[in-house]
Amino acid sequence: MAYDVLIYQAPDGSLQPQLATSWEYVGDGNTTFELSLRPDIAFVDGTPLDAQAVKANLEYRRDPAVGSQSAAQLAAVSEVEVVDDLTVRIHLATPNPLLPSLFTQSGAGAMISPAALADPAGLATETFGVGRYQLDASRTVHGDHYTFVSNPDYWSPDDVHWDEVVVSFLPEESAALASLQAGQLDAGMATSATVDSGRAAGLSVAGPGFPIVAGLNIWDRDGEVVPALGDVRVRQALNYAVDREAIASALVGDSGSPTDQLSAPDQSGWNDDGYYPYDPDKARELLAEAGYADGFTLPVRTFAGEQLTQAIADNLGDVGVVLEINADEQMDQADDAGNSEYGAGFLGWGISPPVQMATYFWLPDALNNPADSLDDTLVELHQQALVADEKTLDELNGQIVARVAELAWFLPVYLQGESVLYDADVVDVPWANFQSVPTVTELRPASSNGG
């Protein structure tokens, strides 16, 4: 709420100007991208929002010491050029067709005052953005609730819908539901565990939102730790052995849906027909062909999704594969050294376009590819996608998702999004299908109460 972005992705998915008024690729090949900035904008500390400030933000996120989640997406940036006060030109060492989306609220679009970046300790307790709201530290208790007040100097005052917004941290869903029912909260995130109860209590429901794919990531794709996993027939057998519909119905209900691919309906690359129908006999046949008719033991590292992992274990046990589950609350999905000791790990990740998913999961140096597994076909398809036009990119995305499914480097089980429970007499929730839940900034006064 306190940080505007360069390019705003509206609830309908369209990209709209915010701090940047326009943007475009320069020349061919998706290697040079230019942003024109809105004039006469300043951060709440008075620092101008100019091209130099944008450069400072991108350089900050690219610094490995910072640990930014967008660092991998910015890794191809070779230079951030300040053309003039309001023009930034981004040069890439390798093509990227998705930079407009990268500079939205879903990526690296939020701009922070360069003065705060120079002394980032303050970012934990104060806000330093160009935003509709700013944190009132005097009425904030970290870890409990955060009070935001409207920014009187915001550049677009018609977009400031509330005088004050209080965000409460309630890790127990039952406590959040009780607070909603009591009128102490006007809106709150919810999963399938509380949606039905909230609806029965008279609350309105929006969602579920843009999905997270949950299942297992098969790390040991070359069979170094678990030799059986080096055979594609074995990995495919694991996928045939899982009853996704039954597991999704039992664990996430209406908040999710079964999937056997790293994509989602209505997303580029999605295949309506799927790849791995539940077929335990087919799984046993493939295991026997690969020399594992008696099964094998598969050590798995998890930090979440215990019920899901156990459900997978039950299905795999029916075809002779024993899941040895190692729960680790401190698990780091990018801990290559620790993860390389296991055959697989818990998969819980938001779906994104295949070009982005590649940098997280299946390129040799991907964040969640601890063995640096290499498939030449995927690398070639990725290279083609980087320079493709929109139509060709859509075709390539389908090929990439299909190839990932064929390799069976993953055992996806279901897609799950979160919902929002809310008091419709107080608030409207414009839904955003590209996010798990809408950002708080999207909440509007209910039309019935006059604002």
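**A guided reading of the predicted chain**

The chain contains 13 helices and 20 strands. The model is a predicted one, and the values discussed here are computed from it. For 451 residues, a compact globule would be expected to have a radius of gyration near 22 Å, and the 23 Å of the chain agrees with this. Along the principal axes, the C-alpha trace extends over about 70 × 55 × 40 Å.

The interior and the surface may be considered next. Of the 451 residues, 47% are buried. Contacts between residues at least 6 apart in sequence join, in 65% of cases, residues at least 24 apart. The accessible surface amounts to about 20000 Å², and carbon and sulfur atoms account for 47% of that area. As for charge, there are 18 positive and 68 negative side chains, while the centres of the two sets are 4 Å apart.

Two residues of the N-terminal numbering deserve attention for their backbone geometry. In general, most residues other than glycine have a negative phi. Asn 30, although not a glycine, has a positive phi of about 55°. Asn 30 belongs to the loop between β3 (20-25) and β4 (32-37). With a relative accessible area of 14%, Asn 30 falls under the 20% limit and therefore counts as buried. Asp 40 likewise is not a glycine and has a positive phi, of about 60°. Its loop is the one between β4 and α1 (51-62). Asp 40 has a relative accessible area of 81%, which is over 50%, so this residue is exposed.

Further along the chain, Ser 113 occupies the loop between α2 (99-102) and α3 (114-118). The relative accessibility of Ser 113 is 0%, and the residue is therefore classed as buried. What surrounds Ser 113, once neighbours within four places in sequence are left aside? The residues in contact with Ser 113 are Phe 43, Asp 45, Thr 47 and Phe 128. With Thr 47 there is also a polar contact, in which the two side chains are joined at 3.4 Å.

Burial can also be followed over a whole element. Helix α6 covers residues 232-240, and seven of its nine residues are buried, so the helix is largely enclosed by the rest of the structure. The buried residues of α6 are Val 234, Arg 235, Gln 236, Ala 237, Leu 238, Asn 239 and Tyr 240. An α-helix has 3.6 residues a turn, so residues three or four places apart point the same way.

Helix α13 (residues 390-407) includes Glu 395. Glu 395 has a relative accessible area of 46%, which lies between the limits of 20% and 50%, and the residue is therefore partly exposed. Between the C-alpha atoms of Glu 395 and Ala 385, ten residues apart along the chain, the separation is 9.2 Å.

The path ends at Pro 430, in the loop between β19 (427-428) and β20 (444-445). Its relative accessibility of 25% places Pro 430 among the partly exposed residues. Not counting residues up to four places away in sequence, Pro 430 touches Pro 11, Pro 438, Glu 442, Leu 443 and Arg 444. Leu 19 is 411 residues from Pro 430 in sequence, and the distance between their C-alpha atoms is 22 Å.

Key: Residues numbered from 1 in each chain as written. Predicted model: local features only at pLDDT ≥ 70, side-chain atom pairs only at ≥ 80, totals over all residues. Heavy atoms only, no water. Helix = DSSP H or I, 4+ residues; strand = E, 2+ residues; numbered from the N terminus. Rg over C-alpha atoms; globule rule 2.2 N^0.38 Å. Buried < 20%, exposed > 50% of the residue type's maximum accessible area, 1.4 Å probe, protein only. Contact = heavy atoms within 4.5 Å. Areas by Shrake-Rupley, 256 points an atom, 1.4 Å probe, with all protein chains shown as cover. Lys, Arg positive; Asp, Glu negative; His and termini not counted. Charge placed at Lys NZ, Arg CZ, Asp CG, Glu CD. Polar contact = N/O pair within 3.5 Å; in protein donor to acceptor, adjacent residues only side chain to side chain.
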